[in-house]
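Subject: Structure for your review

Dear colleague,

I am passing on the structure we spoke about, and below it you will find notes on what came out of it. Please read them with the model open beside you.

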Amino acid sequence: MFYKYQKVYPRSASTLMRLWTTDEALRNDANVLAFDEFAERTQFFDAPVERTSLFYWEHRMGCWHSQVATEGDPAFESVSLYNCRRTLELMLSVPAEAQKSSEILRRTIVNEWPALANYPVNGKPFVLPSSE
């Protein structure tokens, strides 16, 4: 839901750039071509999900992955969610309210490692949405 409030719905490489930056100097032909290539290679505009959230996961979060990998421990394998379109499509197909409340993540934690629910999230108690 990160880009939802910018009131820009991606329909072209140019609108992807409007989500990416507010810096007019970066909104140039070379970057439009780069976003066009990104969209074509990933079949971005063909995905059956809400595009602003998909762009956040596949582009913005993907840009941060190198930092995560650099800071991670090479002794364990990490999973990169932003490289699995099918998983993202499933996660983004749930209702908007479930996305806003992080319901999938919270239910996954409770199902897979319940002890983690004893720790606060961003300083707030872990709460499972009441739609059980």
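A salt bridge is taken here to be a side-chain nitrogen of Lys or Arg within 4 Å of a carboxyl oxygen of Asp or Glu. Please keep in mind throughout that this is a predicted model. With that criterion, the structure holds six salt bridges, and three of them are described below together with the helices that carry them.

The overall picture

The chain contains six helices and zero strands, so that its elements, read from the N terminus, follow the order α-α-α-α-α-α. Its C-alpha trace spans about 50 × 40 × 30 Å along the principal axes. Of the 132 residues, 28% count as buried, and the chain exposes about 9,300 Å², of which carbon and sulfur atoms supply 54%. Among the contacts with a separation of 6 or more, 46% are between residues 24 or more positions apart.

Helix H2 and its two sides

Helix H2 covers residues 29-42, 14 residues in total, and reaches 20 Å from its first C-alpha to its last, which is close to the 20 Å expected at 1.5 Å a residue. Its buried residues are Asn31, Phe35, Phe38 and Ala39. Seen down the axis of H2, these buried residues fall within an arc of 95 degrees, and they therefore line one face of the helix. Helix H1 (13-20) and helix H3 (51-71) are included in what covers them, whereas on the other side of H2 the residues Asp29, Ala30, Leu33, Glu40 and Arg41 are exposed.

One residue of the covering helices deserves a closer look, namely His59, which is found in helix H3. With a relative accessibility of 15%, His59 counts as buried, because the cut-off for that class is under 20%. Setting aside residues up to four places away in sequence, His59 touches Trp20, Phe35, Phe38 and Leu54; of these, Phe35 and Phe38 have already been named among the buried residues of H2.

Three of the salt bridges

Returning to H2, the side chains of Glu37 and Arg41 meet in a salt bridge, with an N to O distance of 2.8 Å. Both residues lie in helix H2, four residues apart, or about one turn of the helix. Glu37 is partly exposed, at a relative accessible area of 40%, while Arg41, at 68% relative accessibility, counts as exposed.

In helix H4 (residues 85-92), a salt bridge joins the side chains of Arg86 and Glu89 at 3.8 Å, N to O, a value that can be set against the 4 Å limit given above. Because they are three residues apart in H4, Arg86 and Glu89 are separated by about one helical turn. Arg86 is exposed, with a relative accessible area of 52%, whereas Glu89 is buried, with 16%.

In helix H6 (103-112), the side chains of Arg107 and Glu103 likewise meet in a salt bridge, at 2.8 Å from N to O. These two residues are four apart in H6, and so about one helical turn separates them. Arg107 counts as partly exposed at 24% relative accessibility, and Glu103 is buried, with a relative accessible area of 15%.

A surface patch and a contact across the sequence

What is found in the segment after H6? Trp113 has its place there, and at 55% relative accessibility this residue counts as exposed. Together with Leu116 and Tyr119, Trp113 forms a nonpolar patch on the surface, the accessible area of the three being about 360 Å².

Finally, I would draw your attention to Gln99, placed in helix H5 (residues 96-100) and partly exposed, with a relative accessible area of 22%. Although Gln99 and Met1 are 98 residues apart along the chain, their C-alpha atoms are separated by 7.4 Å. Leaving aside its neighbours within four places in sequence, Gln99 is in contact with Met1, Ser53, Met91, Leu92 and Val94.

With best regards

Terms used. Residues numbered from 1 in each chain as written. Predicted model: local features only at pLDDT ≥ 70, side-chain atom pairs only at ≥ 80, totals over all residues. Heavy atoms only, no water. Patch = residues over 30% accessible without salt bridge, like charges linked within 9 Å, V, L, I, M, F, W, Y side chains within 5 Å. Areas by Shrake-Rupley, 256 points an atom, 1.4 Å probe, with all protein chains shown as cover. Buried < 20%, exposed > 50% of the residue type's maximum accessible area, 1.4 Å probe, protein only. Expected span 1.5 Å × (residues − 1). Arc of directions from axis to C-beta. Contact = heavy atoms within 4.5 Å.
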